[in-house]
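Work through the exercises below with the sequence and the model side by side. Each task is followed by a solution that goes step by step.

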Amino acid sequence: MAIVAVIATAGMAGCDDGSDAAEAALRQPPVAAAGAAAPAPSPAPVAAKVAAPPAAPGAPAFAVLYPDAAPTAEPTLADGPSGPGGLTTFVTEASPEEVVAFYRQRAEAEGLSSVMAMNQGDAQAYGAASPQADGPSLQVVASPAPEGGANVQLSWSAGQ
């Protein structure tokens with residue numbers, strides 16, 4: 001008990017009300033020196049970005065890159081019986097859950113229906129398709145990256 005009292009007393013000793021002026025000065029916004037540039041505004045949060053670049057040239061609106069995506073390779077493009085399609089891989093600071101939610105929302109906004117969802121440990125997969133036999137489709141697999149965020153594989157078909 002004596003040790004707890006000593007620690008509490010020592011901790012409260014640093015709480016001095018005589019530093020109100022210094023604390024008030026710290027709360028004021030910084031003033032740029034004459035001739036110095038004003039501080040740059042903070043970047044907008046990722047969620048505030050409206051448009052993301054397409055995953056590849058000609059990719060449909062539901063197959064855009066995640067807003068902070070860093071591609072890990074050139075996209076692979078193909079043209080098949082279900083129309084043009086592609087596959088791309090990237091890393092993002094977002095979690096696998098955030099990535100899957102992003103693509104689910106985009107797919108549903110384009111009229112695709114969820115056809116597959118899977119969680120395997122921390123990895124997640126999602127698939128969506130048009131009700132038409134040769135319609136558009138989307139598949140995304142997101143797994144935790146060792147350095148944080150997610151490794152993502154995104155594939156799509158634009159449909160006919």
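Helices (H or I, at least four residues) and strands (E, at least two) are DSSP runs, numbered from the N terminus. The model is a predicted one, in which local features need pLDDT of at least 70 and side-chain atom pairs count only at pLDDT 80 or more, while totals for chains, interfaces and linings use all residues. Residues are numbered from 1 along each chain as its sequence is written, and side-chain values use heavy atoms, with hydrogens and water left out.

**Exercise 1. The overall plan**

Task: state how many helices and strands the protein has, and in what order they run.

Solution. Begin with the count, which gives three helices and seven strands. Next, read the elements from the N terminus on, and the order is α-α-β-β-β-α-β-β-β-β. Then turn to burial, where buried means under 20% relative accessible area, exposed means over 50%, and partly exposed lies in between (1.4 Å probe, protein chains only). Of the 160 residues of the protein, 29% count as buried. Finally, consider contacts, that is, heavy atoms within 4.5 Å: among those with a separation of 6 or more, 48% join residues 24 or more positions apart.

**Exercise 2. Helix 3 and its two sides**

Task: find which residues of helix 3 are buried, and work out how they are arranged around its axis.

Solution. Start with the length of the helix, whose expected span is 1.5 Å times one less than its number of residues. The 14 residues of helix 3 should by this reckoning span 20 Å, and the end C-alpha atoms are indeed 20 Å apart, which agrees. Now list the buried residues of helix 3, which are P96, V99, V100, F102, Y103 and A107. Viewed down the axis of helix 3, these buried residues fall within an arc of 155° (taken from the directions from the helix axis to the C-beta atoms), so they line one face of the helix. Q105 and A109, on the other side of helix 3, are exposed, and for A109 the relative accessibility is 65%. What covers the buried residues of helix 3 includes strand 3 (83-92), strand 5 (123-129), strand 6 (137-144) and strand 7 (150-157). As a last step, look just past the helix, where G111 follows with a positive phi near 90°.

**Exercise 3. An aromatic cluster**

Task: identify the aromatic pairs and decide whether they are stacked or edge-to-face.

Solution. First fix the rule: rings of Phe, Tyr and Trp (its six-membered ring) pair if their centres lie within 6.5 Å, and planes under 30 degrees apart count as stacked, over 60 as edge-to-face and the rest as tilted. By this rule there are two aromatic pairs. In one of them, the ring centres of Y66 and F102 are 4.9 Å apart and the planes stand at 70°, so the pair is edge-to-face. This pair links distant parts of the chain, with Y66 in the loop between helix 2 (20-27) and strand 1 (70-71) and F102 in helix 3 (residues 96-109), 36 residues apart. Y66 counts as buried at 10% relative accessibility, and F102 is likewise buried at 16%. The rings of F102 and Y103 also have their centres 4.9 Å apart, with planes at 90°, so this pair too is edge-to-face. Y103 has a relative accessibility of 0% and counts as buried. Taken together, Y66, F102 and Y103 form one aromatic cluster.

**Exercise 4. Following the strands**

Task: trace the pairing from strand 4 to strand 7, and decide whether strand 4 is buried or lies in the open.

Solution. Two strands pair if DSSP finds at least two bridges between them. Strand 4 and strand 5 pair in the antiparallel sense over seven bridges, and A117 stands opposite Y126 in strand 5. The hairpin of strand 4 and strand 5 has two residues between the strands, and G121 there takes a positive phi near 65°. Strand 5 is joined in turn to strand 6 by six bridges, and these strands run antiparallel, with A142 in strand 6 as the bridge partner of Q124. Strand 6 and strand 7 are antiparallel as well, over eight bridges, and V140 stands opposite L154 in strand 7. In the hairpin of strand 6 and strand 7, five residues lie between the strands, and G148 takes a positive phi near 105°. For the last part, note that of the eight residues of strand 4 the number buried is zero, so strand 4 lies largely in the open. Q120, which lies in strand 4 (residues 113-120), counts as exposed at 56% relative accessibility.
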